[in-house]
Protein chains: 2
Amino acid sequence: MYGSRYNLIKPAAYLKSEPLNSYHKNNINKDINYKMDVKAGVFYGIGVGPGDPELLTLKAVKVLKSVDIVFAAASAKKTHSIAYTIAKEHIPDTASLRILTFPMTNDLMEKEKNWENHARIIIKELEQNKKVAFITLGDPMTYSTYGYILKHIQKIAPHLPVVSISGITSYQAAAASLNLPLVEGDDSLLLTSGVNGGESLRKISEKPKNIVFLKAYRKVKDIVAAIDEAGSYATSVGVSSCGQKNEKITKNIKEFYNTPPDYWTLILAKQENTPLSQASHKKND
Amino acid sequence: MYGSRYNLIKPAAYLKSEPLNSYHKNNINKDINYKMDVKAGVFYGIGVGPGDPELLTLKAVKVLKSVDIVFAAASAKKTHSIAYTIAKEHIPDTASLRILTFPMTNDLMEKEKNWENHARIIIKELEQNKKVAFITLGDPMTYSTYGYILKHIQKIAPHLPVVSISGITSYQAAAASLNLPLVEGDDSLLLTSGVNGGESLRKISEKPKNIVFLKAYRKVKDIVAAIDEAGSYATSVGVSSCGQKNEKITKNIKEFYNTPPDYWTLILAKQENTPLSQASHKKND
């Protein structure tokens with residue numbers, strides 16, 4: 001049985017009797033199999049995924065293996081980069097790592113000034129024809145500092161080529177870890193920030209079938225309360241440190257009233273009642 | 001300058017003077033660098049990303065390289081699998097490919113029966129200690145057939161271990177291709193299906209700052225109308241065949257009134273006015 005490459009459950013007329021090469025010839029979209037070249041003077045924004053180094057894409061690894069400089073973000077208080085820790089095994093020794101610090105401030109002018117300064121530093125390297133990467137946790141287009149840096153680079157030096165490379169987000173990895181679909185059929189998913197607590201859920205009169213709160217740490221009690229008030233979420237679960245060995249799943253989010261979660265916590269809620277029987281902390285052992 | 005691995009922009013006290021090994025010792029979270037084993041009798045649900053084979057994760061590649069059987073979905077009309085075309089270079093010749101067909105029907109009973117049948121076929125192989133993968137376009141937890149198969153497997157054989165492996169979604173890849181952030185700061189993103197046209201946007205009184213319509217093909221005119229009616233979306237763009245060589249970006253979605261897009265089309269809309277100057281069809285050349 002397993003010697004044959006094309007064991008169809010429902011045999012399709014043209015397949016069963018055709019040899020391997022014929023199938024390949026007919027079905028391979030050659031366009032799909034192109035490969036990207038890593039070029040000097042190009043700015044690569046790379047998502048390194050949520051934590052598990054195996055969740056990097058082949059494309060991210062390929063670019064990282066050939067860059068001259070890797071920029072990574074850190075808050076002013078922390079001087080190491082989690083994104084770097086995840087990606088480091090693919091970064092050559094000849095590449096330099098540069099930590100860009102971001103002050104913890106709510107002053108937009110100060111933030112803009114800081115992003116602009118960082119953009120200028122990156123532009124300077126690109127103009128010297130360096131291969132430059134900026135690495136970021138998760139996906140570069142989803143709640144990432146990369147977006148701000150990118151905007152400033154595009155504003156100051158619109159001629160410079162930019163290639164953004166997607167990464168797996170924490171909420172995708174959390175759903176995978178729980179074996180819990182994020183969104184199905186004709187339904188919607190609202191992806192939101194928990195920075196303002198449950199506000200983004202409360203203000204919507206038509207509650208989404210599925211909702212993900214990222215950054216659920218600081219105002220976790222208010223988020224749990226808002227989900228509870230909505231009254232329609234049959235399944236809700238907290239995932240902390242997703243994709244890392246210390247990943248923790250909280251099946252009853254009301255526990256957060258008494259036990260605050262880790263810093264890296266998100267909450268998924270679904271109107272559908274979906275069993276979480278497969279959720280495991282040891283799926284990767 | 002580039003000989004040193006730790007060229008900090010803002011020198012941090014402890015870093016500048018410390019040698020490589022010391023930095024590594026202090027900053028590597030050893031927990032993060034675990035590796036998953038691929039085991040017999042485990043069901044692996046694998047997202048292969050939106051089209052570009054380089055967007056597979058290392059984890060997906062690792063599992064695919066060692067499986068005995070790869071299941072992939074196809075509609076009853078089509079007998080080849082796009083997911084297989086994307087992933088095939090990593091699947092060993094010794095593995096068998098099995099196409100599971102899904103009838104195009106709105107009869108839920110018929111669908112359920114079909115999913116259950118497929119689940120039983122997969123379970124049979126798992127019980128014979130095979131390494132079994134189910135591959136799916138994009139992410140297995142995001143609008144994927146995998147979710148339905150998974151539910152039936154969990155119901156019929158809850159003892160069988162399941163490992164879901166995240167994949168890059170089409171909307172992430174579209175945003176990357178456009179160099180356009182999906183969601184930033186404290187904002188929200190509504191991810192929805194275009195199967196019912198603009199309905200999911202119209203029915204929300206509090207319009208989300210960012211919205212993505214997947215499956216925007218069939219009812220594209222109604223989706224464009226709904227975005228237009230909302231009046232608050234300063235940026236809206238269509239992306240067809242994302243991540244493939246024939247990727248097409250439509251910066252003025254009103255063109256869809258006259259020229260219907262490809263089958264694989266999504267629409268991103270943002271209340272913010274974001275320039276799309278960097279959007280390119282040739283970013284990977």
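This passage walks through a predicted model, beginning with chain A and then turning to the sheet and helices of chain B.

Chain A is a good place to start. Its secondary structure amounts to eight helices and 10 strands, and 50% of its 285 residues count as buried. Where residues at least 6 apart in sequence are in contact in this chain, 71% of those contacts join residues at least 24 apart.

Within chain A, strand β8 (residues 235-240) deserves a closer look. Five of its six residues are buried, so β8(A) is largely enclosed by the rest of the structure. Strand β10 (residues 265-270) of chain A runs antiparallel to β8(A) and is joined to it by six bridges. Strand β9 (residues 248-250) of chain A is also antiparallel to β8(A), here with three bridges. S240(A) takes part in both pairings: its bridge partner in β10(A) is T265(A), while in β9(A) it stands opposite K248(A).

Chain B offers an open sheet of five strands, paired in parallel and arranged in the order β3-β2-β4-β1-β5. The edges are held by β3 (96-102) and β5 (162-165) of chain B; each has a single partner strand, so one side of each is left without a neighbour in the sheet. On average, and with direction ignored, neighbouring strands of this sheet are turned by 25° against each other. For the edge strand β3(B), the link is to strand β2 (residues 69-75) of chain B, through seven parallel bridges. One example is V70(B), whose bridge partner in β3(B) is L97(B).

Helix α4(B) lies across β1 (43-47), β2, β3 and β4 (132-136) of chain B, and runs at about 145° to β4(B). This helix (residues 108-127) also packs against helix α5 (residues 146-156) of chain B, at an angle of about 65° and with the axes 8 Å apart. The crossing of α4(B) past α5(B) is right-handed. On the α4(B) side, the contact involves W115(B), E116(B), H118(B), A119(B), R120(B), I122(B) and I123(B); α5(B) contributes Y148(B), I149(B), H152(B), I153(B) and I156(B). By character, the residues of this contact are eight nonpolar, two polar and two charged.

Finally, the largest nonpolar core has 162 residues, and those with the most contacts inside it are A133(A), L266(A) and A133(B). Beyond its neighbours within four places in sequence, A133(B) is in contact with Y44(B), I46(B), V63(B), L64(B), V67(B), V70(B) and F71(B). V70(B) thus appears again, having been met above as the bridge partner of L97(B).

Note on methods: Residues numbered from 1 in each chain as written. Chains lettered and ligands numbered in written order. Predicted model: local features only at pLDDT ≥ 70, side-chain atom pairs only at ≥ 80, totals over all residues. Core = buried A, V, L, I, M, F, W, Y, C linked by C-beta atoms within 7 Å. Buried ≥ 20, exposed ≤ 12 C-beta atoms within 10 Å, placed from the backbone. Contact = placed C-beta atoms within 7 Å. Axes fitted to C-alpha atoms, helices over the stretch in contact; angles between N-to-C directions. Helix = DSSP H or I, 4+ residues; strand = E, 2+ residues; numbered from the N terminus. Left-handed = near helix turned anticlockwise from the far one by under 90°. Nonpolar A, V, L, I, M, F, W, Y, C, P; charged D, E, K, R; others polar. Pairing = 2+ DSSP bridges.
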